[in-house]
Amino acid sequence: ATPPRARRPDEPLALIQVASLSRVKNQQLIIDAIAMLDPAIVSRVDLVGEDTLAGMLQRRAVEKHVADRVTFHGFKTQDDLAALYGNADVYVQSSLHEAAGVSVLEAAAAGLPILGTRAGYVADWAGKRAVVIDSTDAGRLAGALTALHANPGDADSMAARAQKWSTANNATSMAAKFDTLYRDTARRA
């Protein structure tokens, strides 16, 4: 397991989301929220994923005067993602709905605190492994980001719990558990 990177106070708060740029993934919420942050909280956002909105989010970043703080990376390979997760401080999931969210698991395994809307793993992890906002209100997301920024110890503790869960429940460990379950069931039959 990778420990979270130590952020220096003079560095921007680095946010990341990995998902196709789409209405359902709702990256506009992130753009609007960083535009609302107190200027004393310097931030930057890495949005990673194929653009299915034909530049709508890039235009939104310009409209909100945060285009210099939002980087649109497009599709990236797993190797590229490791470096991007390693340079982030917080994973932000802004989905309107989500079945689970593989990128949330990847971010948790990378040691990042998770913040997002009540969907998928973020909903399941509310309070212990993730900070959840109950609406798609940009002000609430900005407030939650401000609170995480102000309480790095809480963010680190939450990230450690999510990391422990995600690594204990990865594909290899789950396959081994199912193998044991099937073998035990076959022996009893």
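Colleague: Where in this predicted model does histidine 65 lie?
Modeller: Yes, the model is predicted. Go past helix H2, which covers 56-63, and you're in the stretch of chain to look at. Histidine 65 sits there, in the loop between H2 and S3.

Colleague: Is histidine 65 buried or exposed?
Modeller: A residue needs over 50% relative accessible area to count as exposed. Histidine 65 has a relative accessible area of 68%, so the label is exposed.

Colleague: What is the phi of histidine 65?
Modeller: Most residues other than glycine have a negative phi. Histidine 65 is not a glycine, yet its phi is positive. The value is about 65°.

Colleague: And asparagine 26, what phi does that one have?
Modeller: Asparagine 26 is in a loop too, the one between S1 and H1. Asparagine 26 isn't a glycine either, but its phi is positive. You get about 60°.

Colleague: Is asparagine 26 buried or exposed?
Modeller: The cut-off for buried is under 20% relative accessible area. Asparagine 26 comes out at 15%, so we call it buried.

Colleague: OK, on to the sheet. What is the order of its strands?
Modeller: It's an open sheet of 6 strands, and the pairing is parallel. Neighbouring strands are turned by 20° against each other on average, if you ignore direction. Going across the sheet, the order is S3-S2-S1-S4-S5-S6.

Colleague: Which strands stand at the edges?
Modeller: Look for strands with a single partner strand, because one side of each is then left without a neighbour in the sheet. Those are strand S3 (70-74) and strand S6 (131-133).

Colleague: How many bridges pair S1 with S2?
Modeller: S1 takes in residues 13-18 and S2 residues 43-48, and they pair in the parallel sense. One spot to find on screen is alanine 14, opposite arginine 44 in S2. The pairing of S1 and S2 runs over 6 bridges.

Colleague: Which residue in S4 is the bridge partner of leucine 15?
Modeller: S1 and S4 run parallel and are joined by 2 bridges. Look in S4 for the partner of leucine 15, and you'll land on valine 90.

Colleague: Which residue in S5 stands opposite valine 92?
Modeller: S4 pairs with strand S5 (residues 114-117) in the parallel sense, over 3 bridges. Opposite valine 92 in S5 you'll see leucine 115.

Colleague: Which residues of S4 are buried on its two faces?
Modeller: In a regular strand the side chains alternate between the two faces of the sheet. In S4 both faces are covered. On one side the buried residues are Val90 and Val92, and on the other they are Tyr91 and Gln93.

Colleague: What handedness does the β-α-β unit with S4 and S5 have?
Modeller: Follow the chain through S4, then helix H4 (residues 102-109), then S5. Together these three make a β-α-β unit that is right-handed.

Colleague: At about what angle does helix H3 run to S1?
Modeller: H3 covers residues 78-86 and lies across S1, S2, S3 and strand S4 (90-93). Relative to S1, the helix runs at about 150°.

Colleague: Which residues does leucine 145 contact, leaving aside its neighbours within four places in sequence?
Modeller: Leucine 145 is in helix H6 (residues 138-150). With a relative accessible area of 3%, leucine 145 is buried. One residue to check is leucine 37: it's 108 residues away along the chain, yet the two C-alpha atoms are separated by 8.2 Å. The contacts are Leu13, Leu15, Leu37, Val90, Val92 and Leu115.

Colleague: What does aspartate 32 touch, leaving aside its neighbours within four places in sequence?
Modeller: Aspartate 32 belongs to helix H1 (residues 27-36). At 12% relative accessibility, aspartate 32 counts as buried. Its contacts are Arg60, Lys64 and Ala138.

Colleague: Now the whole chain. What is its radius of gyration?
Modeller: There are 8 helices and 6 strands in the chain, and the C-alpha trace spans about 65 × 35 × 30 Å along its principal axes. For 189 residues, a compact globule would have a radius of gyration near 16 Å. The chain agrees with that, at 17 Å.

Colleague: What share of the residues is buried?
Modeller: The chain exposes about 9,800 Å², and carbon and sulfur atoms supply 55% of that. Of the 189 residues, the buried share is 41%.

Terms used
Residues numbered from 1 in each chain as written. Predicted model: local features only at pLDDT ≥ 70, side-chain atom pairs only at ≥ 80, totals over all residues. Heavy atoms only, no water. Pairing = 2+ DSSP bridges. Helix = DSSP H or I, 4+ residues; strand = E, 2+ residues; numbered from the N terminus. Axes fitted to C-alpha atoms, helices over the stretch in contact; angles between N-to-C directions. Contact = heavy atoms within 4.5 Å. Buried < 20%, exposed > 50% of the residue type's maximum accessible area, 1.4 Å probe, protein only. Right-handed = clockwise from strand over helix to strand, strands pointing away. Rg over C-alpha atoms; globule rule 2.2 N^0.38 Å. Areas by Shrake-Rupley, 256 points an atom, 1.4 Å probe, with all protein chains shown as cover.
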